[in-house]
Amino acid sequence: MRFKHIWIIILFSIVLVSLLISRMYVSKVYAIINWSDTLDSYVDITTYKYDVQNYTNILVGKIHDICVTFVNATNQTSLQVYNVTANSTNFINIQNGIAVTANNTYYTLIPNNTLSFDVVYKQNILNNSIINIEMVVYKYSISDCNRDDIVDVFDAVLMGTTFGGTNVIYDMNKDGTIDVFDAVLLGNHFGETS
Ligand SMILES: [Ca+2]
Ligand SMILES: [Ca+2]
């Protein structure tokens with residue numbers, strides 16, 4: 001009898017997790033921003049701030065997920081190493097014109113957060129070169145944990161399973177803890193779309 005109950009719970013959990021995963025990340029594009037940085041001739045310069053690009057989330061009650069993509073670099077043979085950073089987080093490493101890590105990275109930008117980009121590391125750049133970065137910005141309700149563009153019971157379940165944790169996606173009021181205040185906020189935003 002007890003085994004039967006365990007199997008029912010396991011089956012129920014598998015179905016619930018499958019449903020949650022299948023409903024995640026329905027893309028809702030808010031904006032596409034292209035950034036080009038023209039570089040001058042430098043040789044073995046290891047730290048250099050240049051032409052910073054900023055993007056700020058000013059939407060109250062909304063979050064932005066930003067996907068950053070390295071598009072291409074012209075005059076590739078002159079590009080040895082680039083590091084692209086955002087809020088001090090290293091985003092993309094590029095070697096010889098090819099992104100080697102962290103391309104198509106998602107970054108969650110909460111209200112009043114600013115995303116900044118710049119190339120901060122260059123090496124053996126012999127001629128003028130251009131680096132192209134594409135930012136795809138998505139907009140969601142601050143309580144839409146699974147990013148399917150509706151705040152509903154699936155978001156409540158996700159928040160419940162992360163209760164006591166610190167993950168910024170499930171921490172709806174962005175105070176560093178997932179607790180009863182987030183549950184109240186989810187209640188206030190229930191049924192909301194982007
Ligand atoms: Ca949702
Ligand atoms: Ca919280």
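This note sets out points on the fold, the helix pair, the nonpolar core and one strand residue of a predicted model.

1. Overall fold. The chain contains three helices and nine strands, and read from the N terminus these elements follow the order α-β-β-β-β-β-β-β-β-β-α-α. Of its 194 residues, 22% count as buried. Among contacts with a separation of 6 or more, 73% are between residues 24 or more positions apart.

2. The helix pair H2 and H3. Helix H2 spans residues 153-161 and helix H3 spans residues 180-189, and their axes come within 11 Å of one another while crossing at roughly 175 degrees. Because an angle over 145 degrees counts as roughly antiparallel, H2 is described as roughly antiparallel to H3. On the H2 side the meeting residues are Asp155, Ala156 and Met159, and on the H3 side they are Asp182, Ala183 and Leu186. Sorted by class, this contact has four nonpolar residues, two charged residues and no polar ones.

3. Met159 within that pair. Which residues does methionine 159 contact, once its neighbours within four places in sequence are left aside? They are Cys145, Tyr170, Ile178, Asp182, Ala183 and Leu186; of these, Asp182, Ala183 and Leu186 belong to the H3 side of the helix contact described above.

4. The largest nonpolar core. This core has 18 residues, and those with the most contacts inside it are Ile66, Val68 and Met159, so that Met159, a residue of H2 that meets H3, also appears here. The elements that give two or more residues to the core are S3 and strand S9, which covers 129-141, and S9 supplies the largest share, namely four residues. In soluble globular proteins, nonpolar side chains tend to be buried together.

5. Where the core lies. Domain 1 is assigned as 2-26 together with 144-189, and domain 2 as 29-140; the core lies between the two because both of them give residues to it.

6. Threonine 69 in strand S3. This residue lies in S3, which runs over residues 62-73, the strand that also gives two or more residues to the core. Is threonine 69 buried, partly exposed or exposed? It is partly exposed, because 16 other C-beta atoms lie within 10 Å, whereas a count of 20 or more would be needed for a residue to be buried and 12 or fewer for it to be exposed. The C-alpha atom of threonine 69 is separated by 9.5 Å from that of tyrosine 106, a residue 37 residues apart from it along the chain.

Definitions and conventions
Residues numbered from 1 in each chain as written. Chains lettered and ligands numbered in written order. Predicted model: local features only at pLDDT ≥ 70, side-chain atom pairs only at ≥ 80, totals over all residues. Contact = placed C-beta atoms within 7 Å. Axes fitted to C-alpha atoms, helices over the stretch in contact; angles between N-to-C directions. Parallel < 35°, antiparallel > 145°, perpendicular 65-115°, else oblique. Nonpolar A, V, L, I, M, F, W, Y, C, P; charged D, E, K, R; others polar. Core = buried A, V, L, I, M, F, W, Y, C linked by C-beta atoms within 7 Å. Domains from an automatic or database assignment.
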